[in-house]
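Student: Please take me closely through the side-chain pairings in this model. I want the charged pairs in detail, then whatever rings and backbone features go with them.

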Amino acid sequence: MRPFDTFVMVDWSAARDRGPAPKPDAIWATVARAGRVEEPVYLRNRRVAERWLAEFIEAELAAGRRVLAGFDFPFGFPAGFAERLTGRADPLALWDWFAAELEDDGSVNNRFALAGRINARFPGTGPFWFNGARGDIPFLPRRGSERHGHGMAERRAAEARAPGSFSVWQMGGAGAVGGQAMTGMAALSRLRARLGQAVAVWPFEPPEAPVVLTEIWPSLLAEAVQAATRPGDIRDAVQVRVVAAALARLQEEGRLEEVLAAVPDEARAEEGWILGVGAEEALREAARAVAGAGLVPPRLKDDCFAMPQGVAWVPVDEALARLRAALHPVTGRERLASSRAAGRVLAADAIARRANPPRPNSAVDGYGFAHAATGPGINRLPLVQGRAAAGQPFEGRVPEGYAVRILTGAILPEGVDTVVLEEDCATDGLTVAFDGPVKPGANTRRAGEDVEEGAVALPAGQRLRPPDIALLSALGIAEVEVFRPLRVAVLSTGDEIVPDPALPAAPHQIWDANRPMLLALVERWGHVPVDLGHARDDARAIARALDQGAREADVILTSGGASAGDEDHVSRLLRERGRLTSWRIALKPGRPLALAMWQGAPVFGLPGNPVAAFVCALIFARPALSLMSGAGWLEAQGYTVPAAFSKRKKPGRREYLRARLTPEGAAEVFRSEGSGRISGLSWATGLVELPDGALDVEPGTPVRYLPYSGFGL
């Protein structure tokens, strides 16, 4: 069997949608792929979940990836039920029956009433029970003990093998799955219709298709779920992560195929089966392994920063290319209301729910008519009664040869395809006159001329700005899938550092400039700063701070101790206990850049000199953090200007000079290149970038200027 590339697990809900904030009894999904388990995605109702799931799987198929999708509701009913409703002992025909009969807008549904209608087809009372509505529902008892004579088995064979599982006939109450089965089967029926032959339903069909749908029961892994649950966690969200991680682990161990094969023949025919029942210990071993690791697999490969042997000095462009190739997004995904998503990065394309504008409309205040009724010279058209305004459409058709008063934004009434500007008309209230000829379609907007229905409104990777929020709202996109914000921890090191400028500093000490600068950069770039404070030149103190950073953040930035001297404790510690590669980059200021992995978290060791730390952060950390946040790699933005300075540059290193533009638009540089002159960072409004080779600069020589604004500052 061809291995799966992606595991997506869904905790379904038949409950009512009660708002955009994450709720325990809602729909949660998570994805395991390429050794990573993503943060759970909150899907507030079934309509949102269906759309997310279909679009996600289609994107996986387009990328050539094979998908195993698991859902925590029964895929079948006890034997004989499908035939009673559909005339066939076919569980997938039952799915289609529910899709046709269930009324569900994604928020509320008629599952209780439908259960009563189904019960009416059976003798006696039942089999469904638990009326969750206020009023009585014909044929649906409120208690299971009130049922009798309906002729159906109480449980499927899978449920009899899974202690603690609920009967599919129970429609409500804690843990009930009857309503989940109805709404879930209907949703998956529509998914199968959309994806066609790409989908197989296990165990009814061989699991050989590009997409395989399976039934899961997270309570099989209750022990591992409990171990992975932290205070404040929503259990359903944790469950899908545990199951996804466990199944991915089983595949890595070569045992997933045996779990898929552990199904009795009778279950393949009609009832369905819970994945893992019959192979519980294998599944639980995998779950214990991933839960013990905190469900946080390595976010990057341990050797992702390794340089080829023999590489000494790395040119800037090569260093950037290697960094870009080594990194990928490291944060999970979630769904947010579009109105709350400003500053977040789209994790999936935002698709227009309808066209903008949705219907042809008028671009001006004026008079609308059919162009075919007009010609050159003076045109006089009688006016119909009424008018068309934005939000107040004209009812009926405008006959050819007539005109209608129309205002900006109004939908073009039937019979109108052209509008003449009010200022170009004369009217007595009964007739309108204007000079022709008029261009066909003049002063109108066609439907979808801004954005077509179903088009990509905003692509994945877009960091959402206020104009983007306006576009999403205009297109009816109420929710978007976004990456969780990247958490970036910042640590300063060194015995000479005084962490707080409010504290006294001896002559041999300096106040910490790097940490507040880097924290401000991180926040300005749209990430979440995590302040690790200051650590003295003590390996244990530095290790404790790095441990905290690995727990609380996705990436760690350190400053100081990144070189190879006697007091460079950060690089030594990372070399001994982490995976360190010291990149000797051919640039000035900067050169040493320590790149390492610490407990699965990437570490960027920046120089201790504030000017060098600032330059390295702009040139290297900014594009790297952007890529890891899901927003893609950011190239430095600059343009060519004449120099207002003189300099003879030697070959071998790329140089960055603190600079600003004169009133004439030329680049002047700070009076000193000394990397200890912090005032130059504040004086400047950007950097001048001088190339790797030798260069003689005189006033008027073209140079590349990189404004701070091009770095998002």
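**Salt bridges, rings and backbone**

Tutor: The count of salt bridges comes to 36. Keep in mind that this is a predicted model. The general idea is simple: side chains of opposite charge can pair when their charged atoms come close.

Begin with Asp 90 and Arg 88. Their side chains meet in a salt bridge, with 3.6 Å from N to O. That falls inside the 4 Å cut-off for such a pair. How accessible are the two partners? Asp 90 has a relative accessible area of 26%, so it is partly exposed. Arg 88 is at 49%, and so it also counts as partly exposed, since the exposed class begins over 50%.

Next, Arg 117 and Glu 101. Their closest N and O atoms are 2.7 Å apart, and the two form a salt bridge. This pair links distant parts of the chain. Arg 117 belongs to helix H4, residues 111–119. Glu 101 belongs to helix H3, residues 91–101. The two residues are 16 apart in sequence. Arg 117 is partly exposed, at 43% relative accessibility. Glu 101 is partly exposed as well, at 27%.

Now look at Asp 317 and Arg 654. They form a salt bridge with the closest N and O atoms 3.0 Å apart. Here a helix is linked to a strand: Asp 317 sits in H12 (residues 316–326), and Arg 654 in E32 (residues 654–661). The separation is 337 residues. The burial of the partners is worth checking. Asp 317 has a relative accessible area of 46%, which makes it partly exposed. Arg 654 is at 8%, so it counts as buried. Nor does this pair stand alone. Salt bridges join Asp 317, Arg 654, Glu 689, Asp 692 and Arg 704 into a network.

Charge also meets aromatic rings. Arg 84 lies over the face of Phe 122, 4.8 Å from the ring centre. Arg 405 places its charged end over the ring of Tyr 367, at 5.3 Å from the centre.

Phe 122 leads on to the ring pairs. A search of the whole structure gives 22 aromatic pairs. Trp 12 and Phe 73 make one of them: their centres are 6.0 Å apart and their planes meet at 65 degrees, so the pair is edge-to-face. Trp 12 is in the loop between strands E1 (6–11) and E2 (27–33), while Phe 73 is in the loop between strand E5 (67–71) and helix H2 (81–86), so the pair ties together parts 61 residues apart in sequence. Trp 12 and Phe 73 are both buried. Phe 71 and Phe 75 form a tilted pair, with 6.5 Å from centre to centre and 40 degrees between the planes. Both of these residues are buried too. Phe 122, the ring under Arg 84, is part of a cluster. Ring pairs connect it with Phe 77, Phe 81, Trp 97, Phe 98, Phe 128 and Trp 169.

Turn to the backbone. Most residues other than glycine have a negative phi, and most peptide bonds are trans. Several sites here depart from that. The bond joining Gly 126 and Pro 127 is cis, with omega about 10 degrees. Pro 127 is in the loop between H4 and helix H5 (157–160). The loop between H4 and H5 also holds Phe 139. Phe 139 is not a glycine, yet its phi is positive, about 75 degrees. It is exposed, with a relative accessible area of 55%.

A cis peptide bond also runs from Trp 202 to Pro 203, with omega near 5 degrees. Pro 203 falls in the loop between strand E6 (199–201) and strand E7 (211–215). Asn 443 has a positive phi near 60 degrees. It lies in the loop between strands E17 (431–436) and E18 (444–445), and it is partly exposed at 31%.

One uncharged contact partner deserves a stop. Asn 356 lies in the loop between strand E10 (350–351) and strand E11 (361–362). Its side chain makes a polar contact with that of Asp 450, at 2.6 Å. Beyond its neighbours within four places in sequence, Asn 356 touches Gly 448, Glu 449, Asp 450, Val 451 and Leu 475.

Last, the cysteines. The disulfide count is zero. Cys 425 is buried, at 18%. Cys 616 is buried, at 2%.

Conventions. Residues numbered from 1 in each chain as written. Predicted model: local features only at pLDDT ≥ 70, side-chain atom pairs only at ≥ 80, totals over all residues. Heavy atoms only, no water. Helix = DSSP H or I, 4+ residues; strand = E, 2+ residues; numbered from the N terminus. Polar contact = N/O pair within 3.5 Å; in protein donor to acceptor, adjacent residues only side chain to side chain. Contact = heavy atoms within 4.5 Å. Buried < 20%, exposed > 50% of the residue type's maximum accessible area, 1.4 Å probe, protein only. Disulfide = S-S within 2.5 Å. Phe/Tyr/Trp six-rings, centres within 6.5 Å; stacked < 30°, edge-to-face > 60°. Lys NZ or Arg CZ within 6 Å of the ring centre and 35° of its normal.
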